[in-house]
Protein chains: 2
Amino acid sequence: MEADGFRTLDEKSLVEYIKATPALSSKLGNQLDGLQIKEVGDGNLNFVYIVVGSTGSLVIKQAIPYIRCIGETWPMTKERAYFEARALKEHGHLCPDHVPEVYHFDRTMSLIGMRYLEPPHIILRKGLIAGVEYPLLAENMSDYMAKTLFFTSLLYLSTTEHKRAVSEYCGNVEICRLTEQVVFSDPYKVSQYNHCTSPYLDHDAEAVRNDNDLKLEVAELKAMFCERAQALIHGDLHTGSVMVTSDSTQVIDPEFAFYGPMGFDIGAFLGNLFLSFFSQDGHADQGNDRRAYKKWILTTIEETWNLFEKKFTTLWNEHKDGPGEAYLPDIYNNPKLQLLVQKKYMENLLYDSLGFGAAKMIRRIVGVAHVEDFESIQDAGKRADCERKALNFAKMLMKERRGFKTINEVVATIQ
Amino acid sequence: MEADGFRTLDEKSLVEYIKATPALSSKLGNQLDGLQIKEVGDGNLNFVYIVVGSTGSLVIKQAIPYIRCIGETWPMTKERAYFEARALKEHGHLCPDHVPEVYHFDRTMSLIGMRYLEPPHIILRKGLIAGVEYPLLAENMSDYMAKTLFFTSLLYLSTTEHKRAVSEYCGNVEICRLTEQVVFSDPYKVSQYNHCTSPYLDHDAEAVRNDNDLKLEVAELKAMFCERAQALIHGDLHTGSVMVTSDSTQVIDPEFAFYGPMGFDIGAFLGNLFLSFFSQDGHADQGNDRRAYKKWILTTIEETWNLFEKKFTTLWNEHKDGPGEAYLPDIYNNPKLQLLVQKKYMENLLYDSLGFGAAKMIRRIVGVAHVEDFESIQDAGKRADCERKALNFAKMLMKERRGFKTINEVVATIQ
Ligand SMILES: Nc1ncnc2c1ncn2[C@@H]1O[C@H](COP(=O)(O)OP(=O)(O)O)[C@@H](O)[C@H]1O
Ligand SMILES: Nc1ncnc2c1ncn2[C@@H]1O[C@H](COP(=O)(O)OP(=O)(O)O)[C@@H](O)[C@H]1O
Ligand SMILES: [Mg+2]
Ligand SMILES: [Mg+2]
Ligand SMILES: [Mg+2]
Ligand SMILES: [Mg+2]
Ligand SMILES: [Mg+2]
């Protein structure tokens, strides 16, 4: 045990912990004999245990004071668990259909107990690699993003509530710094952490490091990430933070949550769908050329944004006389102006989303942490071809993003 | 005395307070008999006492829990004094030549003891009304703004320090809300607090309330004010917050300080110089047509921005290998890119400054708090003429600000 009371649990000590914690043991119907416990932390940072008993189940997630996939040489505050628990609760309150319930949080132990998203829930990224269509994905993710972002923005909050929340989440700065480094910095410089499908992409990676226009754009995006407290964002909304079945969509792992630009979440999700799209040729085989699936991904990208836009502006219209102080009804009370204002807001949000989406794509190809979509393509030459197409698309997107008025125009550049 | 230990001082109780406070009495050489005390709070919010003894002097500023010029019906946290004292110290540390020294701060009493800016120091606004040229003004104000803004931005601070400071200043939210209301909202709607030179400007004020394009722009500026933590700004940097002699420039009254957009400070100062410019015709008389003075004001506007730009980028170059993490040397290490990046940064900062400057001008003509530059023009018709010119210029500026690449182009639209 550390001086601060923290100790890393294992399968055995976890049972003792659960026994001593009514909020957890009650979820297992207080039947604690013969619990099945499995550590499944495939993520990069934390330990995740699935706990299944005869009359109930739950998941325990514990943060440790370093980055798991790197080791103790890269320390990382375990306070991230506190922000994850808070964000799960706040986003869960706003969008209970798409966020797992939190049963218990222990700050000393950096430990969260939450609903076990039971099979057939799988990580969306794995479903995309397998070529599975999720008919509700766009509908559900647009719902999640519209609600979590709208209700934590100044369109709904008073500035008093907003600044109080902004202040609190400033505490998650170490995690923000990790994003700053791995998303906005390392891919644009020589770094010991970077890697790419070598030697195929060596020149492409070098070209990124020598692209002045790209570096100009990424600086602007980084500044926005660091300075702009627009809403309580998830902060890590890639396809590995979403669990799905054909009729359920659940967003997990908001440990990177803070008040930042909305486009960072939307871009993370759309950017990772684009990565999946570009990886599909690497997964095509004689039985399945993935053509129809690629079309489904692009349609899902379009629908996600378009439904998001519709739902977000609908919330705005519904709450225009609410507590939010950004657009006071006495000023923005004429329908024509309301339309103008919303059009401009959504246009800017699209630009931001495309820019951040592009940044998230680039970093997954030439940065430290890659995605299974590409990594699971065995043939390195084939993988590099897929990655290069994704990279070139992302570079174009980051530079030209203000030229797109709709998501359909973006998608049209691919087809 | 209130439950929290606060009590409003007057001339008499102030002497007792000073006697009991070594940090203050020592500044008066501990000679406390026959002190001359004068309340000079010509500002809108607080009480300011000048205390002069036989061997020393000081100023005492006390915040009260409401807005002085309105009365107890408009409560306002006296915690503003805490943020004023902090900002005086932080900005004073960065730019000691242009910020009065703080001798003492008492949070319970919301009371600041600071250097008395002795005569011939006067409030810059009064000097401008009198038609006095200040040859060092542009030099000194550009110095103050470059240093205070650069060193509190991510160009110099690590994100760890920056987020810690941002979080702290989120506490000054009540004061931010006052700005949101009187600068970004009230002028664009019917409000009991608004007034204008009536009936002359009634239609102009109405036109502001009906100008969709203007309301679109002001919404964007308001969002930036609320969301963007770019640097520790003064927050109220009009010409009434600057005291001057021919060889000294001192910035007082940063009680509105918080982490906000830099352009809000630069715009406040430039916008108030433009107000002074447009008021000059109302102060012209047979002895002085003010033509040369108007030219001096415009030159001062140009020089303030141009010197600011030069000093700010010089600081940037000097500290490019420093603690700031916005533009890492490993990424932005080639001279051409460094130039590109700085050009874009300064262009955006100019747009922001022009936008905020315009907002500050408009609110002084159709909002709650007017400026003496115009108020002191006795003839209402003449005053309205001056104000209308200023208002039309400000409206143009807010809408067209992205069309100006240099401050000289802005000034050229007037000449
Ligand atoms: N509530 C849950 N139900 C089921 N599986 C979960 C749950 N939370 C996490 N997992 C599994 O654990 C893995 C890692 O969880 P995650 O929260 O993403 O951790 P990390 O922060 O380390 O990335 C997920 O990919 C998923 O497979
Ligand atoms: N340090 C000082 N030295 C001399 N005069 C001062 C000083 N501080 C304030 N004053 C005088 O008091 C007036 C009000 O001070 P200010 O700080 O602007 O208060 P408020 O916040 O109420 O506007 C100023 O306009 C100036 O005349
Ligand atoms: Mg994860
Ligand atoms: Mg995680
Ligand atoms: Mg003042
Ligand atoms: Mg003041
Ligand atoms: Mg640096």
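This report covers the metal site, the relation between the chains, one helix, the salt bridges and three individual residues of a predicted model.

**Metal site in chain A**

The magnesium ion (ligand 4) is coordinated by A:Asp253, which is listed twice through OD atoms, and by A:Glu255 through OE, at 1.9 to 2.3 Å. A second magnesium ion (ligand 3) lies 3.5 Å from ligand 4, and A:Asp253 bridges the two ions. Both A:Asp253 and A:Glu255 are buried.

**Relation between the chains**

Chain A superposes on chain B by a rotation of 180 degrees with 0.0 Å of shift along the axis, at an RMSD of 0.0 Å. The two copies are therefore related as by a two-fold rotation axis. The same surface serves both copies, since 100% of the contact residues of chain A recur in chain B.

**Helix α14 of chain B**

Helix α14 of chain B runs over residues 380-400 and has 21 residues. At 1.5 Å a residue it should span 30 Å, and its end C-alpha atoms are 30 Å apart, so the expected and modelled values agree. The N-terminal end of α14(B) is capped by B:Asp379, with a side-chain oxygen 2.9 Å from the backbone nitrogen of B:Gly381.

The buried residues of α14(B) include the charged residues B:Arg383, B:Glu387 and B:Lys395. Also among them are B:Gly381, B:Ala384, B:Cys386, B:Ala390, B:Leu391, B:Phe393, B:Ala394, B:Leu397 and B:Met398. In chain B, these buried residues pack against α8 (202-209), α9 (212-227), α10 (262-283), α12 (335-366), α13 (372-375) and α15 (407-412).

**Salt bridges**

Over all chains, a search of the whole structure finds 56 salt bridges. Three of these pairs are listed below.

| Pair | N to O distance |
|---|---|
| A:Arg115 and A:Glu118 | 3.5 Å |
| A:Glu347 and A:Lys343 | 3.3 Å |
| B:Asp253 and B:Lys61 | 2.6 Å |

In the pair of A:Arg115 and A:Glu118, A:Arg115 counts as partly exposed because its relative accessibility is 27%. A:Glu118 is also partly exposed, with a relative accessible area of 34%.

A:Glu347 and A:Lys343 both belong to helix α12 (residues 335-366) of chain A, where they are four residues apart and so separated by about one helical turn. An α-helix has 3.6 residues a turn, so residues three or four places apart point the same way. A:Glu347 is buried, at a relative accessible area of 16%, whereas A:Lys343 counts as exposed at 53% relative accessibility.

The side chains of B:Asp253 and B:Lys61 form a salt bridge, with the closest N and O atoms 2.6 Å apart. This pair links distant parts of the chain, 192 residues apart: B:Asp253 is in the loop between β11 (248-251) and β12 (258-260) of chain B, and B:Lys61 is in strand β3 (residues 57-62) of chain B. Both B:Asp253 and B:Lys61 are buried.

A network of salt bridges links A:Glu217, A:Glu220, A:Arg401, A:Arg402 and B:Lys344.

**Three residues of chain A**

A:Thr148 lies in helix α5 (residues 137-151) of chain A. A:Thr148 is buried, with a relative accessible area of 0%. Its side chain reaches the backbone oxygen of A:Tyr144 at 2.8 Å. Leaving aside neighbours within four places in sequence, A:Thr148 is in contact with A:His91, A:Leu94, A:Cys95 and A:Leu232.

A:His234 is placed in the loop between β9 (231-233) and β10 (242-245) of chain A. Its relative accessibility is 0%, so A:His234 counts as buried. The side chain of A:His234 reaches the backbone nitrogen of A:Asp236 at 3.0 Å. Beyond neighbours within four places in sequence, the contacts of A:His234 include A:His91, A:Tyr144, A:Val251, A:Ile252, A:Asp253 and A:Pro254. A:Asp253 also bridges the two magnesium ions, ligand 4 and ligand 3. A:Asp213 is 21 residues from A:His234 along the chain, and their C-alpha atoms are separated by 28 Å.

A:Ile129 lies in helix α4 (residues 124-130) of chain A and counts as buried at 14% relative accessibility. A:Ile129 and A:Ile377 are 248 residues apart in sequence, while their C-alpha atoms are 9.8 Å apart in space. Leaving aside neighbours within four places in sequence, A:Ile129 is in contact with A:His283, A:Arg290, A:Glu372, A:Asp373 and A:Ser376.

Methods
Residues are numbered from 1 along each chain as its sequence is written. Chains are lettered from A and ligands numbered from 1 in the order in which they are written. This is a predicted model: local features need pLDDT of at least 70, side-chain atom pairs count only at pLDDT 80 or more; totals for chains, interfaces and linings use all residues. Side-chain values use heavy atoms; hydrogens and water are left out. Donors are N, O and S atoms within 2.8 Å of the metal (3.2 Å for Na, K and Ca); water is not among the atoms, so sites may look incomplete. Buried means under 20% relative accessible area, exposed over 50%, partly exposed in between (1.4 Å probe, protein chains only). Copies are superposed by least squares on the C-alpha atoms of residues with pLDDT of at least 70 in both. Contact means heavy atoms within 4.5 Å. Helices (H or I, at least four residues) and strands (E, at least two) are DSSP runs, numbered from the N terminus. The expected span of a helix is 1.5 Å times one less than its number of residues. A polar contact is a pair of N or O atoms within 3.5 Å; within protein, one must be able to donate a hydrogen and the other to accept it, and residues adjacent in sequence count only if both atoms are side-chain atoms. A salt bridge is a side-chain nitrogen of Lys or Arg within 4 Å of a carboxyl oxygen of Asp or Glu.
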